[in-house]
Amino acid sequence: MANLRIAVLGVGNIGGSLGKRWIAAGHQVAFGVANPETSAKAQALTADVGEKATITSVAQAITDADVVVFAIPGKAMDETIAVNADALTGKLVIDVANRVGEPVFNSYATFQRLAPTAQYARAFNTLGWENFVDSTFSGGPADMFYVSADGSQPTVETLISDVGYRPVRLGAGDQADLVDALLRLWFTLSRTYGRRLAFKIVTP
Ligand SMILES: NC(=O)c1ccc[n+]([C@@H]2O[C@H](COP(=O)([O-])OP(=O)(O)OC[C@H]3O[C@@H](n4cnc5c(N)ncnc54)[C@H](OP(=O)(O)O)[C@@H]3O)[C@@H](O)[C@H]2O)c1
């Protein structure tokens with residue numbers, strides 16, 4: 001697949017880790033942040049990757065992108081989707097944000113309500129960010145379970161493969177809760193096994 005233009009909203013643990021992997025894979029990544037000039041996290045990322053990263057406003061990053069990755073706090077999702085709803089028309093959106101403390105962790109319903117033509121995907125939210133900085137595991141590549149709108153699989157699977165995982169599709173966006181069940185499992189297991197932990201299907 002040709003290189004993609006990716007908007008990564010948020011330059012924190014998860015946005016920074018994923019964005020750096022996609023830059024390394026040759027994609028064009030623009031990080032969208034609320035305050036591009038003053039964000040300490042944005043400045044730290046620029047110091048790290050230099051001119052390979054573009055840091056811009058959320059609106060500009062979305063406008064220029066083929067794929068928009070939401071790596072911002074769950075509580076910022078509704079407003080960010082509402083403000084940028086028009087610009088999200090027809091775009092592939094990957095919801096990595098977890099609405100921790102709310103009954104539903106994903107933002108599928110908000111996208112359906114405010115940006116219904118966006119092609120929704122839920123991926124990368126089930127593992128701690130450390131597993132995207134280093135995705136090597138004993139026993140080979142781990143599986144990344146995801147959902148995405150029909151037709152968007154090739155792009156989503158490219159982005160999953162580019163961070164070192166084998167993509168496993170669980171259905172379309174309306175199955176996002178199934179992905180989130182694995183997030184709950186990851187939280188529970190990481191208390192025993194630590195945060196460098198991922199999942200893998202094994203068959204005879
Ligand atoms: N940490 C993990 O291991 C992990 C794993 C999977 C999923 N997630 C999910 O990923 C999301 C980000 O987590 P994180 O650990 O990366 O958080 P983080 O390190 O605190 O980074 C959050 C980023 O979002 C930006 N941000 C905050 N509010 C924003 C807004 N309204 N508009 C645009 N940007 C905004 C912050 O910018 P400023 O710093 O400039 O304010 C920062 O760059 C959360 O929803 C989390 O649940 C996290």
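Me: What makes Val67, Val69, Phe70, Ala121, Ala123, Phe124 and Val156 contacts of isoleucine 94 in this predicted model?
Reply: Two residues are in contact if their C-beta atoms lie within 7 Å. Isoleucine 94 touches each of those residues, leaving aside residues up to four places away in sequence, so each of these pairs meets that cut-off.

Me: Which residues touch the most other members of the largest nonpolar core?
Reply: Val69, Phe70 and Ile94 do, in a core of 53 residues. A general tendency fits here: in soluble globular proteins, nonpolar side chains tend to be buried together.

Me: How do you know that Leu92, Val93, Ile94 and Asp95 are buried or exposed?
Reply: A residue counts as buried if 20 or more other C-beta atoms lie within 10 Å of its own. All four residues of strand β5 (residues 92-95) are buried, so each of them reaches that count. Leu92 and Ile94 point one way from the strand, and Val93 and Asp95 point the other way.

Me: Why are β4 and β5 called paired strands?
Reply: Pairing needs at least two bridges. Strand β4 (residues 67-70) is joined to β5 by 4 bridges, so the two strands pair, and they run parallel. Valine 67 stands opposite leucine 92 in β5.

Me: What makes β5 and β6 a pair?
Reply: Again 4 bridges join β5 to strand β6 (residues 119-122), in the parallel sense, so the requirement of at least two is met. Here leucine 92 stands opposite glutamine 119 in β6. The chain crosses from β5 through helix α5 (residues 108-114) to β6 in a right-handed β-α-β crossover.

Key
Residues numbered from 1 in each chain as written. Predicted model: local features only at pLDDT ≥ 70, side-chain atom pairs only at ≥ 80, totals over all residues. Core = buried A, V, L, I, M, F, W, Y, C linked by C-beta atoms within 7 Å. Buried ≥ 20, exposed ≤ 12 C-beta atoms within 10 Å, placed from the backbone. Right-handed = clockwise from strand over helix to strand, strands pointing away.
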